[in-house]
Amino acid sequence: AKTAEEGAKKEGAEVVDATLGAAAAAAAAVTGTMVVEFDAGSNGGIKMVSFKTPQVGLALVLSGGGCCASGKPKVAVKAVDKKGQAETLGVLKTWKVVSIN
């Protein structure tokens, strides 16, 4: 069972994460960048990538879901353009999109 202290720490961490996310979105809006949050998998964690131009250099695909799969479909990176902005920023083909500002 969780102690009250553990619960408060988790809630505090969530508030900090939400505040940082809101601050990043506000900064992106002012600077004209697009911030995409990716799930890089079990070893990579969550990655925030800031795209500076509209030519992001990647293709997305809807994965999962469908008639026979369980859970919600996810948007995944289908391809990364060679020498494109996404490749330069380290985006990988296996990543899933979590959010876009």
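**Figure 1. Accessible surface and overall fold of the predicted model.** The accessible surface of the protein amounts to about 7100 Å², and carbon and sulfur atoms hold 61% of this area. The coordinates shown are those of a predicted model. Of the 101 residues in the protein, 21% count as buried. The secondary structure consists of 2 helices and 5 strands, which follow one another along the sequence in the pattern α-β-β-β-β-α-β. Among contacts with a separation of 6 or more, 40% join residues that lie 24 or more positions apart.

**Figure 2. Confidence along the chain, with helix α1 in close-up.** The mean pLDDT of the protein is 77, and 62% of the residues score at least 70. Helix α1, formed by residues 4-31, has the lowest mean pLDDT among the elements, with a value of 52. The highest mean, 96, belongs to helix α2. Over residues 4-19 the pLDDT stays under 50. For this stretch, the model has 2 contacts beyond four places in sequence.

**Figure 3. The largest nonpolar core.** This core has 12 residues in all: V36, F38, A40, V49, F51, V56, L58, V77, A86, V91, W95 and V97. Strands β1 (34-39) and β2 (46-51) are the elements that give two or more residues to this core. One of the core members, A40, touches G45, K47 and W95 when residues up to four places away in sequence are not counted. W95 is thus both a contact of A40 and a member of the core.

**Figure 4. Surroundings of Q85 in helix α2.** Q85 is placed in helix α2, the element with the highest mean pLDDT. Q85 counts as buried because its relative accessible area is 16%, below the 20% limit for this class. Leaving out residues up to four places away in sequence, Q85 touches S50, F51, K52, T53, Q55 and V56. Two of these contacts, F51 and V56, are also listed in the largest nonpolar core.

**Figure 5. L89 and its contacts with residues 49, 50 and 51.** L89 lies in the loop between helix α2 and strand β5 (96-100). With a relative accessible area of 39%, L89 is partly exposed. Apart from neighbours within four places in sequence, L89 is in contact with V49, S50 and F51. L89 and S50 are 39 residues apart in sequence, while their C-alpha atoms are 8.3 Å apart in space. S50 and F51 also appear among the residues touched by Q85.

**Figure 6. Nonpolar surface patch formed by L60, L62 and V75.** These three residues make a nonpolar surface patch of about 260 Å². L60 belongs to strand β3, which covers residues 58-63. The relative accessible area of L60 is 43%, so this residue is classed as partly exposed. That value also passes the requirement of over 30% for residues that make up a patch.

**Figure 7. Backbone geometry at K83.** K83 is found in the loop between β4 (74-80) and α2 (85-88). The phi angle of K83 is near 60°, a positive value in a residue other than glycine. Most residues other than glycine have a negative phi. K83 is classed as exposed because its relative accessible area is 78%, above the limit of 50% for that class.

Notes: Residues are numbered from 1 along each chain as its sequence is written. This is a predicted model: local features need pLDDT of at least 70, side-chain atom pairs count only at pLDDT 80 or more; totals for chains, interfaces and linings use all residues. Side-chain values use heavy atoms; hydrogens and water are left out. Patches are made of residues with over 30% relative accessible area and no salt bridge: like charges are joined within 9 Å, nonpolar side chains (Val, Leu, Ile, Met, Phe, Trp, Tyr) within 5 Å. Accessible areas come from the Shrake-Rupley method with a 1.4 Å probe; for residues, only the protein chains shown count as cover. A salt bridge is a side-chain nitrogen of Lys or Arg within 4 Å of a carboxyl oxygen of Asp or Glu. Helices (H or I, at least four residues) and strands (E, at least two) are DSSP runs, numbered from the N terminus. Buried means under 20% relative accessible area, exposed over 50%, partly exposed in between (1.4 Å probe, protein chains only). pLDDT is the predictor's confidence in each residue, from 0 to 100. Contact means heavy atoms within 4.5 Å. A nonpolar core is a set of buried Ala, Val, Leu, Ile, Met, Phe, Trp, Tyr and Cys residues joined through side-chain atoms within 4.5 Å.
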